[in-house]
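Hi,

Here's the structure I said I'd pass on. Have a look at it first, and then read my notes underneath.

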Amino acid sequence: MKLGVNIDHVATLRQARYKGIIDGVPEPDPIWAANAAELAGAHSITVHLREDRRHINDLDVRLLRQTVQTRLNLELADTPSIIAFAERFKPDEACLVPEKRQELTTEGGLDVIRAAQSKLPTTIARLQRVGIKVSLFIDADSEQIRAAADTGAEFIELHTGPYANSQTLEAIAAEIKKLTAAANLAHKLGLRVNAGHGLNYQNTAGILAVPYLETLNIGHSIIARSVFVGMRQAVRDMLAIISCVSNSTGINRRPRLHTLRTTKLSQRPRAYSLVEN
Ligand code: PXP
């Protein structure tokens, strides 16, 4: 199991003070964040270049392309100028996401069934032609997964938002069941499987029960913790949670049983450790 660290919110903090200002040394610098995350053991760095450039901008991506030592994963919408940018700067991976101007963060998975009828397959082929591995951010839905397999993308990233937002044990178990069925189907259809969105120090342990996951892409919770403990420690803390499940293929062995100590978001977590029976 690998950890991809999404550093968008480092740029969000920078923009809170320096939006539109190009003089001086705008801080905090996402490049430093990527560097610290990698030093702590992150397996990849993710940024989302949004059309409105609300956090990460073109220069960030160009500099990250030159400095990231692991893998650079670019989240992007299927819009002509952003796709052309990706073709030019060639991140190692590209994750296609839906994008709405008004949303605070990516709200739902891509509608691959609809998109597959338009330019999505061409976009995927264009990105692959320059050596980029393509992933589609989708909900844990069998029809979406079948459609994703037909597009030629190498990966899907399962949307874990509904799992992260679940408030009861029953709801959590139901979401894990959906994600497990989705991962099994994706694997059967030849897709590789990543996951992300809303994962934090309390709920990430629970997601490890889902088979075939290769990389978890996590942003907000790591950046939030880094304010208090520093980026390296925040990344190490998350790695400690996910590293209990790994092997040389990057595909997880399923732990016998994982139980989260905390089940309600309203409770203060005592620990994020696993209970293994
Ligand atoms: N994966 C995708 C496709 C996303 O859009 C995001 C949010 O940018 C993440 C993972 C990370 O989500 P979070 O910030 O909630 O950890």
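Two residues count as in contact when they have heavy atoms within 4.5 Å of each other. With that in hand: take the contacts in the protein chain between residues at least 6 apart in sequence, and 66% of them join residues at least 24 apart. Do keep in mind that this is a predicted model.

For the overall picture, the protein chain has 277 residues, 49% of them buried. Its secondary structure comes to 12 helices and 10 strands. The accessible surface is about 13600 Å², and carbon and sulfur atoms account for 52% of that.

Helix α1, residues 8–18, is a nice one to click through. Its buried residues are D8, V10, A11, R14 and Q15. They sit on the same side of α1, because the arc they cover around the axis is only 155°. The general rule behind this sort of pattern is that an α-helix has 3.6 residues a turn, so residues three or four places apart point the same way. L13, A16 and R17 are exposed on the other side of α1.

What do the buried residues of α1 pack against? Their partners are β1 (2–6), α2 (30–39), β2 (44–48), α3 (58–67) and α11 (220–229). After α1 comes G20, with a positive phi near 80°.

Now over to α11, where V229 lies. Together with V227 and F228, V229 forms a nonpolar surface patch with about 360 Å² of accessible area. V229 itself counts as partly exposed because its relative accessibility is 41%, between the 20% and 50% cut-offs.

Cheers

Methods. Residues are numbered from 1 along each chain as its sequence is written. This is a predicted model: local features need pLDDT of at least 70, side-chain atom pairs count only at pLDDT 80 or more; totals for chains, interfaces and linings use all residues. Side-chain values use heavy atoms; hydrogens and water are left out. Helices (H or I, at least four residues) and strands (E, at least two) are DSSP runs, numbered from the N terminus. Buried means under 20% relative accessible area, exposed over 50%, partly exposed in between (1.4 Å probe, protein chains only). Accessible areas come from the Shrake-Rupley method with a 1.4 Å probe; for residues, only the protein chains shown count as cover. The arc is that of the directions from the helix axis to the C-beta atoms. Patches are made of residues with over 30% relative accessible area and no salt bridge: like charges are joined within 9 Å, nonpolar side chains (Val, Leu, Ile, Met, Phe, Trp, Tyr) within 5 Å. A salt bridge is a side-chain nitrogen of Lys or Arg within 4 Å of a carboxyl oxygen of Asp or Glu.
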